[in-house]
Amino acid sequence: MTEIDVAKMTSSSRYAVLTSLVVPRPIAFVTTINEDGVVNAAPFSYFNLMGNDPPVVAIGIGKDESRKYGLKDTGYNIQKTREFVINMVNEDIIEKVNLTAIDFPPEVDESEIAGLTKLPSAKVKPPRIKESASNFECRHLSTIEIGNVRVVIGEIIYLHLDEQYVTFQDGDHHILTELILPVGRMHGKDFYTRSAASLFRIARQSYNEWKNNLGKKI
Ligand SMILES: Cc1cc2nc3c(=O)[nH]c(=O)nc-3n(C[C@H](O)[C@H](O)[C@H](O)COP(=O)(O)O)c2cc1C
């Protein structure tokens, strides 16, 4: 085994190693708005759904001392306005989303540079992105600052779904995830993965099922 004392690694080598191991990561394409009404859009792969009751998301936003207030625009805007929209990322829009990660100044609306369409949200001020298969309107709950990282925690309060990816049966919504063609982040820089082609299923057993199946080949 190669063993690494993480505390002794440089920040960049920690980034390279850890982001190559924790894969694939979903990508939140986050839209926010600043106090002057300027829209900001940027991707974040330190991101996941943390629970569904209530529906909680977390995003890890790096600090950036070169920026005004030492924060990336997304972090600054969420701190000020306490609202954001997560637009999920699929193969159709990944190149445009990638473009929005350029360090544009705060007064630049990256969604316009990338040619993405903004639509009004239902319950929050930041707009949602039309080309995304789904948009989660979020309200800020809490921010945990740990060193150079701001873990922003939010609650999903409203959901938009492109109707071609959803059916309604037996009183419930069924999402056609494999048709969405979601994209995941791989490694640290420049790498992505398609997820749809490699979908497979493993049933989760109850404890009793597992005991009854003991001795049977998995
Ligand atoms: C796919 C992808 C994922 C990224 N994930 C993160 C992340 O999780 N945290 C982070 O701080 N920056 C991340 N970045 C970099 C930011 O998107 C980049 O710093 C961007 O300029 C921030 O924009 P803002 O200042 O408008 O908020 C990512 C970039 C890409 C392309």
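Start with Arg67 and Asp73: both of them are buried, and their side chains meet in a salt bridge, with 3.7 Å from N to O. Keep in mind as you look around that this is a predicted model. Arg67 also has a second partner, Asp64, in a salt bridge of 3.0 Å, again N to O. Asp64 is buried too, just like Arg67. As for what draws such groups together, side chains of opposite charge can pair when their charged atoms come close. Zoom out a little and you'll find Asp64, Arg67 and Asp73 linked with Asp103 in a network of salt bridges.

How many salt bridges turn up in a search of the whole structure? The search finds ten. For one in another setting, go to Lys189 and Asp190, whose side chains meet at 3.8 Å, N to O. Are these two buried or exposed? Asp190 counts as exposed because its relative accessibility is 53%, and the cut-off for exposed is over 50%. Lys189 clears that cut-off as well, at 58%, so Lys189 counts as exposed.

Arg67 comes back when you turn to the ligand. There are 20 residues around the ligand, and those that come nearest are Asn40, Pro43, Tyr46, Arg67 and Thr74. Now pick out the ligand's oxygen atoms. A polar side-chain atom of Thr74 sits 2.5 Å from a ligand oxygen. Gly62 uses its backbone instead: a polar backbone atom there is 2.8 Å from an oxygen of the ligand. In Glu110, an N or O atom of the side chain is 3.3 Å from a ligand oxygen. How much of the ligand does the protein cover? On its own the ligand has 640 Å² of accessible area, and the protein covers 90% of that.

Next, the nonpolar interior. The largest nonpolar core has 15 residues, and the ones with the most contacts inside it are Val30, Val57, Ile59, Phe84, Ile86 and Cys138. Which elements give two or more residues to this core? They are β2 (28-33), β3 (39-44), β5 (55-62), β6 (83-88), β9 (134-146) and β10 (149-161). The largest share, three residues, comes from β5. Apart from this core lies another one, of eleven residues, with Ile27, Ala41, Val89 and Ile94 among them.

Two members of the 15-residue core are worth clicking on. Ile86 lies in strand β6 and is buried because its relative accessible area is 0%, against a cut-off of under 20%. Setting aside residues up to four places away in sequence, Ile86 touches Ala28, Phe29, Val30, Phe47, Val57, Ile59, Ser134, Asn135, Phe136 and Cys138. Take Ile59 from that list: it is 27 residues from Ile86 along the chain, and their C-alpha atoms are separated by 10.0 Å. Val57, counted in the same way, touches Phe47, Asn48, Leu49, Met50, Phe84, Ile86, Cys138, Val152, Ile153, Gly154 and Ile156.

Follow the contact from Ile86 to Asn135 and you land in strand β9. Asn135 counts as buried because its relative accessibility is 2%. What does the side chain of Asn135 pair with? A polar contact of 2.8 Å joins the side chains of Asn135 and Asn87. Beyond residues up to four places away in sequence, Asn135 touches Val85, Ile86, Asn87, Arg128, Ile129, Tyr158, Leu159 and His160.

Another asparagine, Asn34, has its place in the loop between β2 and β3. Is Asn34 buried or exposed? Asn34 is buried, since its relative accessible area is 14% and the cut-off is under 20%. Leaving aside neighbours within four places in sequence, Asn34 is in contact with Asn77, Thr81 and Pro106.

Finally, zoom out to the whole protein chain. You can trace six helices and 14 strands. The C-alpha trace spans about 65 × 50 × 30 Å along its principal axes. Of the chain's 218 residues, 37% count as buried. The chain exposes about 13800 Å², and carbon and sulfur atoms supply 54% of that area. As for contacts between residues at least 6 apart in sequence, 56% join residues at least 24 apart.

Note on methods
Residues are numbered from 1 along each chain as its sequence is written. This is a predicted model: local features need pLDDT of at least 70, side-chain atom pairs count only at pLDDT 80 or more; totals for chains, interfaces and linings use all residues. Side-chain values use heavy atoms; hydrogens and water are left out. A salt bridge is a side-chain nitrogen of Lys or Arg within 4 Å of a carboxyl oxygen of Asp or Glu. Buried means under 20% relative accessible area, exposed over 50%, partly exposed in between (1.4 Å probe, protein chains only). A nonpolar core is a set of buried Ala, Val, Leu, Ile, Met, Phe, Trp, Tyr and Cys residues joined through side-chain atoms within 4.5 Å. Helices (H or I, at least four residues) and strands (E, at least two) are DSSP runs, numbered from the N terminus. Contact means heavy atoms within 4.5 Å. A residue is near a molecule or strand if one of its heavy atoms lies within 4 Å of it. A polar contact is a pair of N or O atoms within 3.5 Å; within protein, one must be able to donate a hydrogen and the other to accept it, and residues adjacent in sequence count only if both atoms are side-chain atoms. Accessible areas come from the Shrake-Rupley method with a 1.4 Å probe; for residues, only the protein chains shown count as cover.
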